[in-house]
Amino acid sequence: MEMNGHQSTIDIAGPVALEQRKIFYLTCVVTLVIFVLVGSTLAYTTIKFRARKGEEVRGDLPEQSHGNPFVEMSLIGASIAALVVIAVPTLKGIWYDYDVPAANRANAFYVTATGAQWWFKFEYPKEQIPGFGPLTTANELVIPAGRPIHIDLRSFDVMHSFWVPQLAGKVDMIPNRANFLWLEAAHPGYYWGQCAEFCGASHALMRFRVIALDQKDFYQWLDNHMGPARNVPVPATAAAERPRARFASYQKFRPNQFGFTPGDELDVSPLDAWRAKQFPEKDEDPVLIARGRELFRTKTCFTCHVVRGQQIGGSPAYPDLTHVGARTTIAGGLLENNAAELRRWIDNPSLVKPGNMMWEKGYIPNHIHLTSGDETALVAYLQSLK
Ligand code: CUA
């Protein structure tokens with residue numbers, strides 16, 4: 001039997017998931033014992049007291065044993081015992097999942113996860129960017145492996161639930177209520193997560209990822225993401241034609257900072273695929289990117305989406321796109337982040353994720369129409385934001 005799917009609670013990768021699996025196994029054992037006892041009693045009586053061939057079929061009831069105090073008290077006692085055997089470790093497990101064990105709390109890393117219809121926002125409250133606030137990202141939570149992560153769970157709108165089966169979960173994200181849990185990835189890896197509480201039309205399409213990196217890679221990622229969006233300069237000749245599209249160079253991107261080469265597809269080697277996304281795309285066209293940057297403004301994308309250091313505007317209630325090109329997924333962890341899927345998403349978001357806010361509050365009221373050329377330029381621009 002295959003037990004190692006992307007969202008397996010059996011093939012686990014951290015201490016919280018291990019604790020949860022222990023409770024699952026214990027419950028399985030207790031219920032298996034009950035099943036065997038009840039099933040064998042039923043089978044025994046069915047066979048022993050069956051109507052035999054040639055036996056006269058009697059219309060009257062056999063002798064009744066109702067009201068035997070010994071049997072009844074024993075059954076009540078056994079039920080209570082089974083309940084206690086399950087309940088005590090379950091309660092201990094719930095308390096354990098709640099927060100990082102006190103002995104390890106000084107080593108904890110803090111993250112805030114906020115659910116929204118239908119995506120996840122992740123903030124790093126201790127990583128403050130001057131003049132902006134905490135480092136903010138969407139749908140892909142990057143954490144240091146081997147360190148306990150304390151996660152504050154919040155919601156923008158309705159109830160959601162935070163669940164990374166291989167690491168921890170499920171804990172609800174409730175509006176106006178502070179919930180939290182902790183998790184730890186034992187080793188670097190790429191983990192699938194999703195919303196586990198029905199939250200509207202596209203609930204099943206509300207997903208996210210957790211990417212755990214070793215300390216060195218993590219701090220390189222953090223360092224890069226604390227910086228503003230990567231700016232691809234416009235070539236001199238093109239700049240002369242489009243003076244408005246020229247922006248200051250905010251940041252020097254350091255290719256090869258992770259010291260590896262781009263790897264396989266997402267499913268085959270997801271962590272390598274994630275690493276590959278940290279590099280600029282191979283076929284980058286600076287002129288196209290400059291046009292996309294301009295379209296991001298003229299099509300009013302900037303009013304909702306933050307692109308730090310490059311676009312003036314954005315709202316904390318919508319996904320921050322400062323480094324969107326460095327993510328493996330888009331659209332709430334639903335689609336792979338590549339040119340074809342990005343185009344499909346921005347062409348008509350409602351066909352991908354029915355009822356989503358980008359469509360309802362952006363495209364419809366602002367009458368946003370994108371030509372094929374617009375889409376190509378916007379895709380190039382978004383992919384350049386590493
Ligand atoms: Cu959010 Cu289901």
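What is the volume of the largest cavity? In this predicted model, the largest cavity has a volume of about 600 Å³, and a search of the whole structure finds 3 cavities of 30 Å³ or more. The lining of the largest cavity comprises 36 residues, of which H305, P319, L321, W345 and M358 are the closest to its centre. Several secondary-structure elements take part in this lining, since β11 (329-330), α7 (339-347), α9 (357-363) and α10 (372-384) each supply at least two residues, and among the contributors it is α9 that gives the most, with 5 residues. By class, the lining of the largest cavity divides into 22 nonpolar, 10 polar and 4 charged residues.

The second largest cavity holds about 40 Å³ of space, and its lining is made up of T137, E140, V142, W221, H225, W274, A326 and R327. Here β4 (140-144) and α3 (215-226) each supply at least two of the lining residues, which divide into 4 nonpolar, 2 polar and 2 charged.

Helix α10, which contributes to the lining of the largest cavity, also packs against helix α6 (residues 286-298), at an angle of about 100° and with the two axes 7 Å apart. Because angles from 65 to 115 degrees count as roughly perpendicular, α6 and α10 are described as roughly perpendicular to each other. On the α6 side the contact is made by L288, I289, R291, G292, R293, L295 and F296, and on the α10 side by G373, D374, T376, A377, L378, A380, Y381, L382 and S384. Taken by class, this contact of α6 with α10 has 9 nonpolar, 4 polar and 3 charged residues.

The helix α3, already met at the second largest cavity, leads on to the sheet. In that sheet, 5 strands are arranged in the order β3-β2-β1-β5-β8, forming an open sheet with mixed pairing. The edges are occupied by β3 (133-138) and β8 (179-183), each of which has a single partner strand, so that one side of each is left without a neighbour in the sheet. From one strand to the next, the twist averages 30°. At the β3 edge, strand β2 (residues 119-129) runs antiparallel to β3 and is joined to it by 6 bridges; E123, for instance, has T136 in β3 as its bridge partner. Onto this sheet packs α3, which touches β1 (109-116), β2 and β3, and whose direction makes about 90° with that of β2.

Technical notes:
Residues are numbered from 1 along each chain as its sequence is written. This is a predicted model: local features need pLDDT of at least 70, side-chain atom pairs count only at pLDDT 80 or more; totals for chains, interfaces and linings use all residues. Side-chain values use heavy atoms; hydrogens and water are left out. On a 1 Å grid over the protein atoms alone, a cavity is a set of points where a 1.4 Å probe fits but cannot get out, and a pocket is an open set with protein on both sides within 12 Å along at least five of seven lines; lining residues have an atom within 4 Å of a point. Grid points are joined across faces, edges and corners, and a volume is the space filled by probe spheres set on the points. Helices (H or I, at least four residues) and strands (E, at least two) are DSSP runs, numbered from the N terminus. Ala, Val, Leu, Ile, Met, Phe, Trp, Tyr, Cys and Pro count as nonpolar, Asp, Glu, Lys and Arg as charged, and the others, Gly among them, as polar. Axes are lines fitted to C-alpha atoms, for helices over the stretch in contact, and angles run from 0 to 180 degrees between N-to-C directions. Angles under 35 degrees count as roughly parallel, over 145 as roughly antiparallel, 65 to 115 as roughly perpendicular and the rest as oblique. Contact means heavy atoms within 4.5 Å. Two strands pair if DSSP finds at least two bridges between them.
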